[in-house]
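Here's a quick briefing to read with the model open beside you. Take a look at the chain before we walk through it.

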Amino acid sequence: MSRKSERLVNLTIALLATKRWLTKSQIFNTVDGYEGEPDAMERMFERDKDDLRNLGITIEVGTFDPLFEDEVGYRIRPENYRTDISSITPRELSLISVATQAWQGAVLDSTALSALVKLKSLGIDSDFDSIPAITPTLHNSDSNFLAVINAIAQRQVISFSYLGPELDSDNRALEPYGVGTKSGHWYVAGRDLDRKEQRLFRLDRFHSEVKAQGKAGSYEIPQDFLMKEVLAAPETSQIATLKVRRGKAHSLRLKATSVEDGDDWSEITVPFIDEAELINEVLWHGTDVVVISPRSARESTISALEEIVRIHG
């Protein structure tokens, strides 16, 4: 983990765990990584706040007593930090639970906990037991996640190979602005240098390792960029028609907008946004699901099955 990423993790933990506002001086004294002249630490803190905002983390600003001109303080409310898991499937939730256990041992080491220890020594109570609850939001099993975070912090262009809707691989170059989660998946948004416009990419569809290119500080994130607004943008859904074996593929049946039952099979229509995600779910159910339309999804599913047969016989 880079020095910058380590400081951001420690700052987030300190502001989440505190039960009161933390002043800048308290933050500089407790969070590892803030060093140098006062002006330098001020600039570092302002950049860190911007980086956390681009990650979808809101830092609240307030005072101890609104009737007096006290020094302002900072904190992160746990209720504003939590991810909505209502759309996560039971299988995805199980995987997250397993990953969370691994995350706790890797991230909550003596360095990450140092801020909490220092806060305690200053007489500032912190809720240590609340830390495990925040781990799923910071964890991502994709090795590219940290590389993207570092690139955003360094304002450095990244390049990667990306799987499109037809499962074809394409090389992309991106000025990353921010990352965030939606429907159980991590996304990175930024300016696509080839298409010269802002685009959104799902990290689990990266088909190669992320590579940083060029110099750090080669671009600026637009002042009006907000990751939560990018993720909230409406997406155009399509309709797939599937044949599903009776009593099977319940996760697809739950999404169905219409069901016509036959003797051994049901024909259902399912709305979808990402064709690759639809294909993955169909393949998960094996021979219990057959894609009828759209044609592109049917052909891609057949190709994937033929590739599986070729590899495994």
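In which sense do β4 and β5 pair, and over how many bridges? The two strands run antiparallel, and eight bridges join them. Keep in mind that this is a predicted model. The chain has 313 residues, of which 42% count as buried, and its secondary structure comes to 12 helices and 11 strands. Looking at contacts with a separation of 6 or more, 61% are between residues 24 or more positions apart.

**Strands β4, β5 and β6**

- One bridge to look up is the one that pairs Lys182 with His185 in β5.
- β5 covers residues 185–192, and seven of its eight residues are buried.
- β5 also pairs with β6, again in the antiparallel sense, this time over six bridges.
- Four residues sit between the strands in the β5 and β6 hairpin, where Lys196 takes a positive phi near 55°.

**Arg202, a charged residue inside**

- You'll find Arg202 in strand β6, which spans residues 197–202.
- Is Arg202 buried or exposed? Its relative accessibility is 5%, and the cut-off for buried is under 20%, so Arg202 counts as buried.
- Across from Arg202 in β6 stands Tyr187.
- Tyr187 is also on the contact list of Arg202, along with Tyr162, His185, Trp186, Asp274 and Glu277, once neighbours within four places in sequence are set aside.

**Helix α3**

- How does the length of α3 hold up against what you'd expect for a helix? Its 17 residues (38–54) should span 24 Å at 1.5 Å a residue, and the end C-alpha atoms lie 25 Å apart, so the two agree.
- The buried residues of α3 are Met41, Met44, Phe45, Asp48, Lys49, Asp51, Leu52 and Asn54.
- Several elements help cover those buried residues, including the helices α1 (3–17), α2 (24–30), α8 (144–154) and α9 (227–232).
- Strands take part in that cover too, among them β2 (73–75) and β4 (169–182).
- Right after α3 comes Gly56, with a positive phi of about 85°.

**The cavity**

- There is one cavity of 30 Å³ or more in the structure, and the largest cavity has a volume of about 40 Å³.
- Which residues line the largest cavity? They are Leu8, Asp51, Leu55, Ile149, Ile152 and Ala153.
- Asp51 is also one of the buried residues of α3.
- α8 gives the most to this lining, with three residues.
- Sorted by class, the lining has five nonpolar residues, one charged residue and no polar ones.

**Helix α11**

- α11 runs over residues 275–284, and its buried residues are Glu275, Ala276, Leu278, Ile279, Glu281 and Val282.
- Gly286 follows α11 and has a positive phi, near 60°.

**Val259 in β9**

- Val259 belongs to strand β9, residues 258–261.
- How covered is Val259? Its relative accessible area is 43%, and partly exposed lies between 20% and 50%, so Val259 is partly exposed.
- Leaving out neighbours within four places in sequence, the contacts of Val259 are Arg253, Ser266, Glu267 and Ile268.
- Val244 lies 15 residues away from Val259 along the chain, and their C-alpha atoms are separated by 9.8 Å.

Notes: Residues numbered from 1 in each chain as written. Predicted model: local features only at pLDDT ≥ 70, side-chain atom pairs only at ≥ 80, totals over all residues. Heavy atoms only, no water. Expected span 1.5 Å × (residues − 1). Buried < 20%, exposed > 50% of the residue type's maximum accessible area, 1.4 Å probe, protein only. Contact = heavy atoms within 4.5 Å. 1 Å grid on protein atoms, 1.4 Å probe; cavity = no way out; pocket = protein on both sides within 12 Å on 5 of 7 lines; lining within 4 Å. Points joined across faces, edges and corners; volume = space filled by probe spheres on them. Nonpolar A, V, L, I, M, F, W, Y, C, P; charged D, E, K, R; others polar. Pairing = 2+ DSSP bridges.
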